[in-house]
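Hi,

Here is the structure I said I would pass on. Have a look first, and then read on for what I found in it.

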Amino acid sequence: MALLKSLSARKNDLSKPENQLAFLSNGIFKEGELPFFKDKIAKTGNYPLKPEKLEILQLNLGYMCNQVCSHCHVDAGPDRKEIMTKETMQQCLEVIKTTKAHTLDLTGGAPEMNPNFRWFVEEASKAGIKDFIVRSNLTIILANKKYHDLPEFFKKYNVHVVSSLPFYKKEKTDKQRGTGVFDKSIKALQMLNAVGYAQPETELKLDLVYNPSGAFLPTNQQALEQDFKTALKEDFNIDFDNLFAITNLPISRFLEFLIASENYEDYMYALVEAYNPAAVESVMCTNTISVSWDGWLYDCDFNQMLELKVDSKVQHISDYNEDLLNNREIRISQHCYGCTAGAGSSCQGTVA
Amino acid sequence: MSKTYYNPDDLRKFGEITEWSEELGNKFFDYYGKVFEEGALSAREKSLIALAVSHVVKCPYCIDAYTKDGLQRGITKEEMMEAVHAGAAIESGATLVHGVQMMNKYDKLSM
């Protein structure tokens with residue numbers, strides 16, 4: 001069953017990033033049962049972790065969402081009021097005009113719920129960024145009449161839609177994302193297909209994101225993609241392009257679940273055991289800058305949620321300087337094991 | 001010393017059996033790893049077989065391990081339970097087929 005409120009609204013201790021970071025540094029790590037991430041990557045010659053070429057500029061347009069998913073690392077929900085203002089968007093647009101990143105990635109919450117979302121997409125699309133991603137939770141398209149035309153809008157601006165669908169079966173999806181989410185997601189995917197997404201005659205891209213619905217790691221991305229493709233086609237005549245398998249990182253609501261279900265230690269053991277130095281080489285913080293709703297800069301969306309701002313003189317979009325940022329050291333903690341396990345994990349799926 | 005015979009944490013220590021017999025331990029884990037690779041059977045199919053056998057040999061470690069493995073592979077709970085029934089059917093069949101031996105003996109002994 002999905003939660004009704006965010007950690008923040010429930011005033012849960014874990015809503016405070018410092019408490020999450022303290023938890024992740026105590027217990028099995030402090031007692032030496034498992035190595036700190038810093039020590040682990042030092043052993044494989046990857047410390048300090050430094051950025052490579054910037055490829056992705058990821059903007060979080062706000063933490064408001066129409067869903068309250070049980071695993072959400074953003075702790076998003078209808079009760080979250082943090083929304084990017086038009087002024088911050090203007091500052092982002094200035095950066096988008098000059099960035100060397102080839103991908104612009106809009107996320108949230110539900111980015112579509114930002115009142116200036118459409119204006120921003122129109123403006124940002126003028127910069128001619130090669131790959132323009134919007135991370136859509138799908139159900140937003142059906143949440144209100146004013147969103148019903150989103151598929152057409154996405155098509156108009158050649159937006160690359162990346163959507164979460166934890167599983168191709170109703171039960172697991174609804175358990176993680178809320179009752180009724182699966183049926184609405186299916187309907188939204190059919191609407192996207194109908195306007196040309198993931199159809200051979202168009203170049204409109206529709207990718208899906210799979211993340212495990214529980215305390216286990218994702219398996220082979222290609223095998224899962226095949227299972228999803230077969231099931232969605234047979235059951236609902238749905239097409240999509242790629243499936244990204246993303247590991248749940250032990251922060252925010254997923255951390256709460258791990259602790260409450262007494263899976264935390266086993267999960268951390270599994271992540272550390274699956275540590276893959278090849279994944280560290282391509283981990284997403286090496287090619288991404290994440291911008292929060294209020295314009296602060298982070299190494300990734302997870303660090304944003306833990307309020308670990310970039311370790312640089314430049315920390316805000318208003319002072320953005322790509323060359324300076326590229327000299328920074330990436331900030332790490334034990335949650336980073338989530339991106340280096342197995343074939344690795346990033347917003348673009350596996351990396352190794 | 002643990003007061004129970006089975007401790008879930010011991011599953012993580014499985015690899016330590018090589019410490020007391022390195023060659024045999026390594027040979028076992030090499031063999032084990034090879035068995036579960038993709039082959040004439042898919043890794044997914046082998047995971048379901050392993051789950052069924054785990055129940056038949058009543059190994060709690062194996063049941064934990066292959067339930068998790070199945071979840072990771074996207075195997076549904078319906079598939080998992082059918083696999084357990086397949087194992088259980090063979091196990092009960094193995095008991096019941098001995099009933100023929102009983103019948104044979106009964107008939108032989110009876111006038």
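To start with something you can check on screen: how far apart do the end C-alpha atoms of residues 60-197 of chain A lie? They are 24 Å apart, and the span is 40% helix and 12% strand. Keep in mind that this is a predicted model. I picked that stretch since the unreviewed UniProt entry lists residues 60-197 of chain A as "domain: Radical SAM core".

Now chain A as a whole. You should be able to pick out 15 helices and eight strands in chain A. Its C-alpha trace spans about 55 × 45 × 40 Å along the principal axes. A compact globule of 352 residues would have a radius of gyration near 20 Å, so the 19 Å of chain A agrees with that. Buried residues account for 51% of the 352 residues in chain A. If you take the contacts in chain A between residues at least 6 apart in sequence, 75% of them join residues at least 24 apart.

On to the inside. The largest nonpolar core has 101 residues, and the ones that touch the most other members are A:L57, A:C92, A:L104, A:V161, A:Y210, A:I251 and A:V283. Helix α11 of chain A (residues 264-273) gives the most to this core, with five residues. There is also a second, separate core of six residues, with B:L48, B:A52, B:Y66 and B:A83 among them.

A:L104 is a nice one to click on. Setting aside neighbours within four places in sequence, A:L104 is in contact with A:L57, A:I96, A:A124, A:I129, A:F132 and A:I133.

One helix also caught my eye: α7 of chain A, residues 170-177. Which of its residues are buried? They are A:T173, A:D174, A:Q176 and A:R177. These four cover an arc of only 165° around the axis, which means they sit on the same side of α7(A). What do the buried residues of α7(A) pack against? Their partner is α8 of chain A, residues 181-194. Just after α7(A) comes A:G178, with a positive phi of about 115°.

Last, where the two chains meet. The contact takes 10 residues from chain A and seven from chain B. On the chain B side, the residues touching chain A divide into three charged, three polar and one nonpolar.

Cheers

How values were computed: Residues are numbered from 1 along each chain as its sequence is written. Chains are lettered from A and ligands numbered from 1 in the order in which they are written. This is a predicted model: local features need pLDDT of at least 70, side-chain atom pairs count only at pLDDT 80 or more; totals for chains, interfaces and linings use all residues. A residue is buried if 20 or more other C-beta atoms lie within 10 Å of its own, exposed if 12 or fewer, and partly exposed in between; C-beta atoms are placed from the backbone. Helices (H or I, at least four residues) and strands (E, at least two) are DSSP runs, numbered from the N terminus. The arc is that of the directions from the helix axis to the C-beta atoms. Two residues are in contact if their C-beta atoms, placed from the backbone, lie within 7 Å. The radius of gyration is taken over C-alpha atoms; the globule rule is 2.2 Å times the number of residues to the power 0.38. UniProt positions are given in the numbering used here, feature names are shortened, and annotations may be inferred rather than shown by experiment. Ala, Val, Leu, Ile, Met, Phe, Trp, Tyr, Cys and Pro count as nonpolar, Asp, Glu, Lys and Arg as charged, and the others, Gly among them, as polar. A nonpolar core is a set of buried Ala, Val, Leu, Ile, Met, Phe, Trp, Tyr and Cys residues joined through C-beta atoms within 7 Å.
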